[in-house]
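The following note is offered to a colleague who wishes to read the model alongside its sequence. Comments are set out as numbered points.

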Amino acid sequence: MILARRPDIERFLGQPDRAIRAALIYGRDIGVVRDRANQLTLKVCDRPDDPFDTALLTDVDIEAEAGRLEGELAAQSLMGGRRLVRLKLGSDKVGPDRTAAEALVRHMAGELNPDAFYLIEAGNLGRDSGLRKAAEKAAACATIPCYEDEPGDVARLVRETLAKDNVSLTSDALAMFVSRMPKERGVARQEIERLALFLGPGSGISASPKDLEDFLGVEPEASLSDAAADAFGGRLGEAQAGLRRAAQEGEAGPAAVRAIGSYLGRLRRTLTLAKSGAGLQEAAKASGVFWKQEREFLRQARSWTLAELDRLQPDVLAADKACKTAGSPDHLIAERLALQIAGRARRLGL
């Protein structure tokens, strides 16, 4: 059973079906994988911290001791109740993937303890992964792919985490904070917790953008996000200069291409929401556009179209791939992509 839509995932994590006896949660963002695994753990096991009820294994464990994984899955809970076997795969080695898959197949066939719950956390599994194939075929296994958080997901995480400490952000401050957040959820959560301490737990404050200035500091003038905005705004010289300044600050070519791809994604999301009936300004805010950049972003959104962005996407993917090739002139590749986008923007009237 594959759960790819957010509502389906949240429904399952909130109230998992008793008939489901295993789950594979995987993805590039290990922070998201860990969060969802922790949430599921609390639902499938009464005492997840009790070593008599829970077995915690890693790929190192199952490589070092053949048969240990299946042995843990065959064992009964000494305290009664449902047993949890939680396996964390931290590498992309074939051996642990195969071992985890074989144990899953046997568990799904009822050959081990049918009352045990088998929870597997993994990184970004490819389509050739035996574990992923086995999980997707098994009706009693929930397969949950995890993707990078969208700005809306990050904003929701910020609101929910800060609310636990009775602090909050205004809409403009939230947009500012989200725009500066790291992509990996584990790191992002640390930043949110640090912000809660900065604002004062229990203070009841609703912080404004000005309140965050000391916390966030000043964003470098040569930021890659600014360079991406210049490119989509048709400012050829500014885009090129911005990327070169970013390179001097230590930002590599792949990071520049990712910034351009992220900006394209915000434009696409905004135009998609607007096409569905949302106001353009409302759509931009929902896409995580920083309030100080909103006017320029809206100017661009009125000129770019979904069709134009779709035509541009293969070029961004090709540049990303080229930048990651050993010995490639990644800064020049990023500059060429930015100038190409700026040229298209000019032809659109920007």
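The points below proceed from the whole chain to the sheet, and then to selected helices.

1. Status and overall dimensions. The structure is a predicted model, and the values below should be read accordingly. The protein comprises 17 helices and seven strands. Its C-alpha trace spans about 70 × 50 × 40 Å along the principal axes.

2. Burial and surface. Of the 350 residues, 47% count as buried. The accessible surface of the protein amounts to about 17600 Å², and carbon and sulfur atoms contribute 50% of that area.

3. Contact range. Among contacts with a separation of 6 or more, 76% are between residues that lie 24 or more positions apart.

4. Sheet order. Five strands form an open sheet in the order β2-β3-β4-β1-β5, and the pairing is parallel. At its edges stand β2 (54-58) and β5 (141-146), each of which pairs on one side only. From one strand to the next, the twist averages 10°.

5. Pairing of β2 with β3. These two strands pair in the parallel sense over five bridges. Within this pairing, Leu-56 stands opposite Arg-86 in β3.

6. Pairing around β4. Strand β3 is joined to β4 by five bridges, and the two run parallel; Val-85 has Tyr-118 of β4 as its bridge partner. Strand β1 (residues 22-27) is likewise parallel to β4 (residues 117-122), again with five bridges. Here the partner of Ala-22 in β4 is Tyr-118. Tyr-118 is therefore a useful residue to locate when inspecting β4, as a bridge partner of Val-85 and of Ala-22.

7. Enclosure of β3. How many of the five residues of β3 are buried? Four are, so the strand is largely enclosed by the rest of the structure.

8. Helices across the sheet. Helix α2 (residues 30-44) lies across β1, β3 (84-88), β4 and β5, and runs at about 170° to β4. Helix α5 (residues 94-108) also lies across β1, β3, β4 and β5, with an angle of about 155° to β4.

9. Packing of α7 on α8. Two packed helices are described by the angle between their axes and the distance between the axes. For α7 (residues 151-163) and α8, the angle is about 115° and the axes are 10 Å apart. The crossing of α7 past α8 is right-handed. On the α7 side the contact involves Pro-151, Val-154, Ala-155, Val-158 and Arg-159; on the α8 side it involves Leu-174, Phe-177 and Val-178.

10. The two sides of α10. In helix α10 (residues 209-216), the residues Pro-209, Leu-212, Phe-215 and Leu-216 are buried. Why do they lie on the same side of α10? They cover an arc of only 100° around the axis, which places them together on that side. Lys-210 and Asp-214 are exposed, and they sit on the face turned away from the buried side.

11. Partners of α10. Which elements do the buried residues of α10 pack against? They pack against β6 (168-169), α8 (171-179), α9 (185-199) and β7 (206-207). Helix α8 thus appears in two of the packing arrangements described here, with α7 and with the buried residues of α10.

Note on methods:
Residues are numbered from 1 along each chain as its sequence is written. This is a predicted model: local features need pLDDT of at least 70, side-chain atom pairs count only at pLDDT 80 or more; totals for chains, interfaces and linings use all residues. Side-chain values use heavy atoms; hydrogens and water are left out. Buried means under 20% relative accessible area, exposed over 50%, partly exposed in between (1.4 Å probe, protein chains only). The arc is that of the directions from the helix axis to the C-beta atoms. Contact means heavy atoms within 4.5 Å. Two strands pair if DSSP finds at least two bridges between them. Axes are lines fitted to C-alpha atoms, for helices over the stretch in contact, and angles run from 0 to 180 degrees between N-to-C directions. Accessible areas come from the Shrake-Rupley method with a 1.4 Å probe; for residues, only the protein chains shown count as cover. A crossing is left-handed if the near helix is turned anticlockwise from the far one by less than a right angle, and right-handed if clockwise.
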